[in-house]
Amino acid sequence: MSTIFEKIIKREIPAEILHEDEICIAIRDVNPQAPVHALVIPKKVISRIANAREDDSETIGHLLLIAGKVARSEKLDDGFRIVINNGTDGGETVPHLHVHVLGGRQMKWPPG
Ligand code: AMP
């Protein structure tokens, strides 16, 4: 069964696309936790960072580069936060790796 993110990548369900290339797609989160909340999602399905393989390293590096690019294009010049939730305790709800980019407000530390 495909994840909601695979359906977005295949254009089976709509999303606001902020960036797309051969490796990933970046969309606006439907339930934003900050004034800017984007998700950078690899087209290759990697369930979570704990299940990533050695040969996924280029893809994972690319996700971080695009996260920075999205932050720049969203004008998060005062800073932003990148989050990857992994597994139940990490708060993961979609089993398809994605990088959250959050900004536009002061972030708290430690995170909840
Ligand atoms: P996580 O809890 O880290 O697995 O993050 C999943 C994220 O996907 C949540 O922030 C959701 O709000 C977001 N999300 C779920 N469905 C959609 C959708 N159809 N379009 C955009 N974002 C979504």
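In the predicted model, a nonpolar surface patch is formed by L64, F80 and I82, whose accessible area together amounts to about 250 Å². Of these residues, I82 can be placed in strand β4, which spans residues 80-83. The relative accessibility of I82 is 36%, and this residue is therefore classed as partly exposed, since the value falls between the limits of 20% for buried and 50% for exposed residues.

A contrasting environment is found for D56, which lies in the loop that runs between β3 (36-42) and α2 (57-73). With a relative accessible area of 2%, D56 counts as buried because this value is under the 20% limit. The side chain of D56 is joined to that of K44 by a polar contact of 2.5 Å. When neighbours within four places in sequence are left aside, the residues in contact with D56 are K44 and I46, so that K44 appears both in this contact list and as the side-chain polar partner of D56.

Strand β3 itself contains H37, for which the relative accessible area is 4%, and H37 is therefore likewise assigned to the buried class. A polar contact links the side chain of H37 to the backbone nitrogen of Q33, at a distance of 3.0 Å. Beyond the neighbours within four places in sequence, H37 is in contact with I27, R28, D29, N31 and P32, and also with H100, V101 and L102.

Methods:
Residues are numbered from 1 along each chain as its sequence is written. This is a predicted model: local features need pLDDT of at least 70, side-chain atom pairs count only at pLDDT 80 or more; totals for chains, interfaces and linings use all residues. Side-chain values use heavy atoms; hydrogens and water are left out. Helices (H or I, at least four residues) and strands (E, at least two) are DSSP runs, numbered from the N terminus. Buried means under 20% relative accessible area, exposed over 50%, partly exposed in between (1.4 Å probe, protein chains only). A polar contact is a pair of N or O atoms within 3.5 Å; within protein, one must be able to donate a hydrogen and the other to accept it, and residues adjacent in sequence count only if both atoms are side-chain atoms. Contact means heavy atoms within 4.5 Å. Patches are made of residues with over 30% relative accessible area and no salt bridge: like charges are joined within 9 Å, nonpolar side chains (Val, Leu, Ile, Met, Phe, Trp, Tyr) within 5 Å. Accessible areas come from the Shrake-Rupley method with a 1.4 Å probe; for residues, only the protein chains shown count as cover. A salt bridge is a side-chain nitrogen of Lys or Arg within 4 Å of a carboxyl oxygen of Asp or Glu.
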